[in-house]
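User: I'm new to reading structures and would like to learn about salt bridges. Could you walk me through them?

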Amino acid sequence: MRNMTFSIYVTCCIIGIVSCSGNRNFKNPEMALEEYQLFMEKVASNTSCTPESLSDLICEWQELSDTVYAYLSKSEDLHNHGREEKFFGTCDSIRNSFLKIIGSGEYSYEDVLSLKTATNPYRRDSSLDSLKASVLPFFDNLDKAHLKDSRKDKALQNYFGFVHSVYETGINTEEEFFRFIKFEDILFRGYLFHLGEAMGESMTQVTIETDSICRRVFKASSIGTLTANDVMASMAVRTNRRLLQNAKAACECLGQMKNQEPQLSAAFIWMTVQPFISIDSFALALMTEPQIQDMHEIASILSKMARQEEQMDDTMKRLVVNLPSQILQLYISSL
């Protein structure tokens, strides 16, 4: 999956380079590198930033970096005179300056979402519009599937049993692939309906089997058994749905279960913050407006919790108060 995502990322970068490379009139490679270093000094001069200013600086960095590298790549001298090394060395220095800025500030989950959305490398990739148009209707129809009422044990049995059956038989056709996504979605929601009761149940086996199924799906797409674009987009949307469904269910449990054990509360909070950690740039670009709104609502809940940090133990405090800055640092490191 990472290789395919990286390929699309490279394509997106090329689109960005083409669109912005004509915006600056460099006279020679040295002038291009000098402007990049001046930007490095500009970023390094900031000891702190508001989330909005930080987003603006990152967007400026992305555009300037693409433009400078595109200009240098036009010259046969890119690999001469240490130009490529100087470019990437400056890039590393800029990234480190951003990491220091984030490390010196306090950020919320709302800041994480806003910054990731504003600086998403795919934000200008219009080719994703057609991909979303072809994939999202299938998932919209999944919301129309009503859950059958069942006890916790039956819901878990149905969910675990279905995943195990697919693990045993595999997925060899697109029909089987979409059938897996459809019924997994229905049964997973059935499990989440009993999340509060099911916290003591072991999820190890179903997690291992689901991971194996997904790995085999991506392998099948890489060798042409399944259509690569459909698989990658569908699996990204599937991940979005699962993470948000899980987070919303965990939020409900946090609200319904008063005076619960700190360890249990921390487990629910960990589920709640997962979308902000695990949804990558490509998956974020495929999210619908209602899903983005769900993330804003979850971020708001976490912000309310952060204002009551004196009532939290150390584990909960790290998850609610300290983790957003760490998530942003990981994100910057990936750019």
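Analyst: Let's go through some salt bridges and what surrounds them. Keep in mind that this is a predicted model.

User: How many salt bridges does the structure hold?

Analyst: The general idea is to look for a side-chain nitrogen of Lys or Arg within 4 Å of a carboxyl oxygen of Asp or Glu. In this structure there are 12 salt bridges. One of them pairs E30 with R83, with N to O at 2.7 Å.

User: Which parts does the pair of E30 and R83 tie together?

Analyst: Check which element each partner sits in. E30 belongs to helix α2 (residues 29-44) and R83 to helix α4 (residues 83-103), so their salt bridge ties together parts 53 residues apart in sequence.

User: Are those two side by side in exposure, or how do I read that? Is R83 buried or exposed?

Analyst: Buried means under 20% relative accessible area, and exposed means over 50%, with partly exposed in between. R83 has 9%, so R83 is buried. E30, at 41%, is partly exposed.

User: What does E60 form a salt bridge with?

Analyst: Its partner is K42, and the closest N and O atoms are 3.0 Å apart. This pair links distant parts of the chain too: E60 is in helix α3 (residues 51-74) and K42 is in helix α2, 18 residues apart. For accessibility, E60 comes out at 28%, so E60 counts as partly exposed. K42 has 38% and also counts as partly exposed.

User: Let's try one more. Where are E184 and R238, the two partners of another pair?

Analyst: E184 lies in helix α8 (residues 174-192), while R238 lies in helix α11 (residues 228-256), with their positions 54 residues apart in the numbering. The closest N and O atoms of this salt bridge are 2.9 Å apart. E184 is buried, with a relative accessible area of 1%, and R238 is buried as well, at 7%.

User: What does E184 touch, leaving out residues up to four places away in sequence?

Analyst: A contact list shows the surroundings of a residue. For E184 it reads Y159, F162, T210, R238 and R242. With R242 there is also a polar contact between the two side chains, at 3.0 Å.

User: And which residues do salt bridges with shared partners join into one network?

Analyst: When salt bridges share partners, you can follow them from residue to residue. Here they join D143, D185, R189 and R241 into one network.

Note on methods: Residues are numbered from 1 along each chain as its sequence is written. This is a predicted model: local features need pLDDT of at least 70, side-chain atom pairs count only at pLDDT 80 or more; totals for chains, interfaces and linings use all residues. Side-chain values use heavy atoms; hydrogens and water are left out. Helices (H or I, at least four residues) and strands (E, at least two) are DSSP runs, numbered from the N terminus. Buried means under 20% relative accessible area, exposed over 50%, partly exposed in between (1.4 Å probe, protein chains only). A polar contact is a pair of N or O atoms within 3.5 Å; within protein, one must be able to donate a hydrogen and the other to accept it, and residues adjacent in sequence count only if both atoms are side-chain atoms. Contact means heavy atoms within 4.5 Å.
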